[in-house]
Amino acid sequence: MDDPREAGRLEKKVNGSEVVDKYLRKHIDDLQGAKVLEAGCGPGVFLRVLANLYPGFSITGVDISGHRIEQANLKLSGLKNAVAIQADIYKLPFPDDHFDFIYSRFLFEYLQYPVAAAKELYRVCKPGGKLLLQDLDSQFTFYPELGAQLKNMLQILKQRTGFDPDIGRKLFSVGKLAGFSFADIESEMYHKVMGQIDEFNLGLWNLKLDIALNGTSFISAEQAGKLKAEMLRSLLDENTVMFSNLFTLTYKKCRPGSAFVN
Ligand SMILES: C[S@@+](CC[C@H](N)C(=O)[O-])C[C@H]1O[C@@H](n2cnc3c(N)ncnc32)[C@H](O)[C@@H]1O
């Protein structure tokens with residue numbers, strides 16, 4: 001999805017300070033001069049908040065999309081303690097045992113090989129450092145249920161791209177298989193639509209579906225149009241309930257020879 005509209009969509013749907021305050025600060029407030037990495041940083045909304053909050057930290061973001069890295073670096077201009085680098089999570093340009101805190105939000109749902117990606121995060125995490133993974137589960141849960149055609153399309157999307165609408169529940173084992181010690185898991189409702197969706201969020205869904213379906217090689221433009229219309233119709237139905245679950249997991253990379261106590 002290297003569509004130039006995606007960076008703007010990602011920015012519109014998130015309040016960077018709220019996310020940093022709610023999920024990240026408790027893990028880093030006590031650190032001094034920490035090195036922090038965001039994997040899949042998109043347009044850099046959280047990097048900027050962190051760089052301003054922690055002038056003594058070194059903040060790095062990586063993303064595979066050149067356009068999003070450009071957007072992120074524009075946002076970071078003038079901030080000496082933060083940088084965004086174009087890189088693939090499977091092959092990060094950092095030495096072993098480098099970062100004190102690593103987080104990744106809404107990236108793992110797009111990865112074909114989540115354990116391999118988490119192993120790369122394990123490699124670059126310092127012994128004693130922490131990882132926070134945040135991603136969605138049960139995406140596109142609708143009542144009344146979506147039609148068979150849309151469900152089928154999601155299945156094809158998963159097979160062809162690795163997109164996993166249920167990655168949230170799998171992160172527990174993904175982190176452990178990569179070598180991390182499990183620390184905590186939380187789940188909350190996300191994407192909550194109860195009854196007819198409001199105009200702002202309808203606009204964001206409209207754009208998301210356009211970007212996701214635009215130029216897909218495995219369905220025709222006509223099919224894509226029909227699927228988009230079906231989804232938007234459901235979101236406008238006054239009886240629809242739609243939600244996803246947001247999972248937030250934290251892990252620790254143990255120091256050699258130490259036993260992790262939760
Ligand atoms: C949905 S966005 C999330 C952006 C940001 N973390 C947020 O929460 O708003 C997912 C990001 O992951 C990036 N991405 C996808 N595959 C990647 C990979 N293999 N390595 C690094 N980044 C990747 C995409 O380019 C995209 O910017």
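The legends below describe close-up views of a predicted model.

**View 1. Helix α8 and its surroundings.** Helix α8 comprises the 15 residues 199-213, and because a rise of 1.5 Å a residue leads to an expected span of 21 Å, the separation of 21 Å between its end C-alpha atoms agrees with that expectation. The buried residues of this helix are Leu204, Trp205, Leu207, Lys208, Leu209, Ile211 and Leu213. These buried residues pack against the helices α1 (4-12), α6 (148-161) and α9 (221-236), and also against the strands β5 (125-143), β6 (181-194) and β7 (241-252).

**View 2. The N-terminal end of helix α8.** Aspartate 198 caps this end of α8, with a side-chain oxygen placed 3.2 Å from the backbone nitrogen of phenylalanine 200.

**View 3. The shell of residues around the ligand.** The ligand is surrounded by 17 residues, of which Gly40, Asp63, Asp88, Ile89 and Arg105 are the closest. By character, the residues of this shell divide into 9 nonpolar, 3 polar and 5 charged.

**View 4. Polar atoms facing the ligand.** Two nitrogen contacts may be traced here: a polar side-chain atom of glutamate 38 lies 3.2 Å from a nitrogen atom of the ligand, and a backbone N or O atom of isoleucine 89 lies 3.0 Å from a nitrogen atom of the ligand. In the case of arginine 105, an N or O atom of the side chain is 2.7 Å from an oxygen atom of the ligand. Taken alone, the ligand would expose 600 Å², and the protein buries 91% of that area.

**View 5. Histidine 27 in helix α2.** Histidine 27 belongs to helix α2, which runs over residues 16-28. With a relative accessible area of 16%, histidine 27 is classed as buried, because the cut-off for that class is under 20%. The side chain of histidine 27 makes a polar contact, at 3.1 Å, with the side chain of lysine 130. When residues up to four places away in sequence are left out, histidine 27 touches Phe101, Lys130, Leu132 and Thr250.

**View 6. Alanine 229 in helix α9.** Alanine 229 is found in helix α9, one of the elements against which the buried residues of α8 pack. Its relative accessible area of 35% makes alanine 229 partly exposed, because this value falls between the limits of 20% and 50%. Alanine 229 and asparagine 206 are 23 residues apart along the chain, and their C-alpha atoms are separated by 9.3 Å.

Note on methods. Residues numbered from 1 in each chain as written. Predicted model: local features only at pLDDT ≥ 70, side-chain atom pairs only at ≥ 80, totals over all residues. Heavy atoms only, no water. Helix = DSSP H or I, 4+ residues; strand = E, 2+ residues; numbered from the N terminus. Expected span 1.5 Å × (residues − 1). Buried < 20%, exposed > 50% of the residue type's maximum accessible area, 1.4 Å probe, protein only. Contact = heavy atoms within 4.5 Å. Polar contact = N/O pair within 3.5 Å; in protein donor to acceptor, adjacent residues only side chain to side chain. Near = heavy atom within 4 Å. Areas by Shrake-Rupley, 256 points an atom, 1.4 Å probe, with all protein chains shown as cover. Nonpolar A, V, L, I, M, F, W, Y, C, P; charged D, E, K, R; others polar.
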